[in-house]
Amino acid sequence: VYGCCHSWKGRSMNVGNSSSLAGRVAIVTGGGRGLGREHCLLLAKEGAMVMVNDLGAKVDGSGADASPANDVVAEIKKMGGDAIANGENVADFAGAKRMIDAAIAKWGKLDILVLNAGILRDRMLANMDEAEWDAVINVHLKGTFAPARHAAAYWRDQSKKTGQPTKGRIIVTSSTSGLYGNVGQTNYGAAKAGIAAFAVIAARELKRFGVTVNALSPSAQTRMTEGLRELTPEQRAERDPAWVSPMVVYLCSEEAQDITGRVFQAGFGRIAILEGWRRGAEAKQTRDPREAGRLWREMWPKVRKNAGMDGIESD
Ligand code: NAD
């Protein structure tokens with residue numbers, strides 16, 4: 001894809017044959033801004049052809065604007081890469097299929113699907129209205145299911161047609177808000193924890209077709225997190241969304257074929273592999289509630305506490 005040297009954020013870098021994703025076709029949803037934009041740029045820099053999907057919505061999911069996706073496409077083309085924009089709503093089942101089909105029509109195949117599009121409508125549970133719940137669940141959970149469903153069918157068919165496993169890649173986007181539990185975000189957190197579960201299950205289903213599925217829990221300064229607190233210039237630099245994309249790109253490479261069904265954190269100074277739910281203490285079942293209470297109290301000191309928002313046992 002690339003001949004020799006291209007300017008990259010002011011630095012000159014030889015990406016020629018060492019590109020880890022040369023010839024691969026990627027779709028990034030919500031690729032017009034923030035984290036999705038960084039994923040698109042790094043995928044392209046590593047040699048992938050990129051469909052930049054973005055509805056161009058406001059943080060709360062309202063509105064539509066083609067310019068964020070078009071701008072990222074222009075940036076990629078300027079550095080010598082290949083990209084097209086796509087304005088489908090990822091939570092529209094038929095629209096998600098049109099998006100997958102359009103990438104395959106343009107480049108003849110699909111290798112990588114990064115599901116990143118997202119919105120926020122924070123509210124305490126007792127005040128949350130139905131529309132706030134539905135909008136957030138829809139964009140995140142259905143917006144993960146719909147494109148992944150159509151890509152999975154494509155990879156299944158490819159694998160059956162060729163008799164070979166594909167090297168398909170799905171990265172979904174979770175959040176510490178759901179994995180650890182952030183106050184004021186029952187809608188967003190439930191969707192994000194659901195997305196992590198989705199990755200674990202889809203990974204088990206798609207392994208036979210050679211597809212890996214992993215979940216990113218990112219932390220970065222974007223318009224979604226802008227204004228939450230005052231930041232020093234050092235904190236701002238550490239929270240640049242560009243820190244998050246390298247692990248995403250690695251997991252999309254051929255070398256990462258053995259990594260699937262995992263949840264990982266990236267950003268705010270660290271990368272981390274998360275550990276999921278597992279059985280702690282246990283006892284034999286009972287039909288007596290008093291006995292159940294006694295057993296709970298007996299097991300209680302033997303189990304680890306839920307993680308706090310920092311991901312360690314601090315609750
Ligand atoms: P952002 O608002 O900058 O970008 C999200 C993009 O998704 C926007 O460009 C928006 O237009 C697009 N989008 C929204 N709804 C869409 C739809 N239905 N179809 C297509 N595109 C749509 O936010 P960001 O911080 O870059 O967030 C990216 C992802 O990372 C989200 O899933 C978010 O929940 C998640 N996340 C972010 C953080 C963080 O610290 N920024 C933390 C945890 C999780």
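## Ligand environment

In this predicted model, a polar backbone atom of Asn116 lies 2.8 Å from an oxygen atom of the ligand. Two side chains also place polar atoms at short listed distances: an N or O atom in the side chain of Tyr188 is 2.5 Å from a ligand oxygen, and a polar side-chain atom of Lys192 is 3.0 Å from an oxygen atom of the ligand. Of the 840 Å² of accessible area that the ligand has on its own, the protein covers 97%.

The elements that contribute two or more residues to the shell around the ligand are α1 (34-45), α4 (130-162), α6 (186-206) and β8 (212-219). The ligand is surrounded by 30 residues, of which Asp54, Asn116, Tyr188, Thr222 and Arg223 come nearest. Divided by class, this shell comprises 14 polar, 11 nonpolar and 5 charged residues.

## Nonpolar core

In soluble globular proteins, nonpolar side chains tend to be buried together. Here, the largest nonpolar core consists of 32 residues. Those with the most contacts inside this core are Ile27, Leu110, Leu113, Trp155, Ile170 and Val213.

Both strands and helices supply the core. At least two residues each come from the strands β3 (25-28), β4 (49-53), β6 (112-115), β7 (169-173) and β8, and from the helices α3 (93-107), α4 and α6. The most is given by α6, with 6 residues. Helices α4 and α6 and strand β8 also each give two or more residues to the ligand shell.

## Cysteines

How many disulfides does the structure hold? The number is 0. The sulfur of Cys40 has its closest cysteine sulfur in Cys252, at 11 Å, which is too far for a bond, because a disulfide requires the two sulfur atoms to be within 2.5 Å. Cys252 is likewise in no disulfide, the nearest cysteine sulfur being that of Cys40.

Cys40 is buried, with a relative accessible area of 0%. Cys252 also counts as buried, at 0% relative accessibility.

## Backbone geometry at Phe268

Most residues other than glycine have a negative phi. Phe268 has a positive phi of about 55°, although it is not a glycine.

Where is Phe268 found? Phe268 is in the loop between β9 (263-267) and β10 (270-273). With a relative accessible area of 27%, Phe268 is partly exposed, because this value falls between the 20% limit for buried and the 50% limit for exposed.

Terms used: Residues are numbered from 1 along each chain as its sequence is written. This is a predicted model: local features need pLDDT of at least 70, side-chain atom pairs count only at pLDDT 80 or more; totals for chains, interfaces and linings use all residues. Side-chain values use heavy atoms; hydrogens and water are left out. Buried means under 20% relative accessible area, exposed over 50%, partly exposed in between (1.4 Å probe, protein chains only). A residue is near a molecule or strand if one of its heavy atoms lies within 4 Å of it. A polar contact is a pair of N or O atoms within 3.5 Å; within protein, one must be able to donate a hydrogen and the other to accept it, and residues adjacent in sequence count only if both atoms are side-chain atoms. Accessible areas come from the Shrake-Rupley method with a 1.4 Å probe; for residues, only the protein chains shown count as cover. Helices (H or I, at least four residues) and strands (E, at least two) are DSSP runs, numbered from the N terminus. Ala, Val, Leu, Ile, Met, Phe, Trp, Tyr, Cys and Pro count as nonpolar, Asp, Glu, Lys and Arg as charged, and the others, Gly among them, as polar. A nonpolar core is a set of buried Ala, Val, Leu, Ile, Met, Phe, Trp, Tyr and Cys residues joined through side-chain atoms within 4.5 Å.
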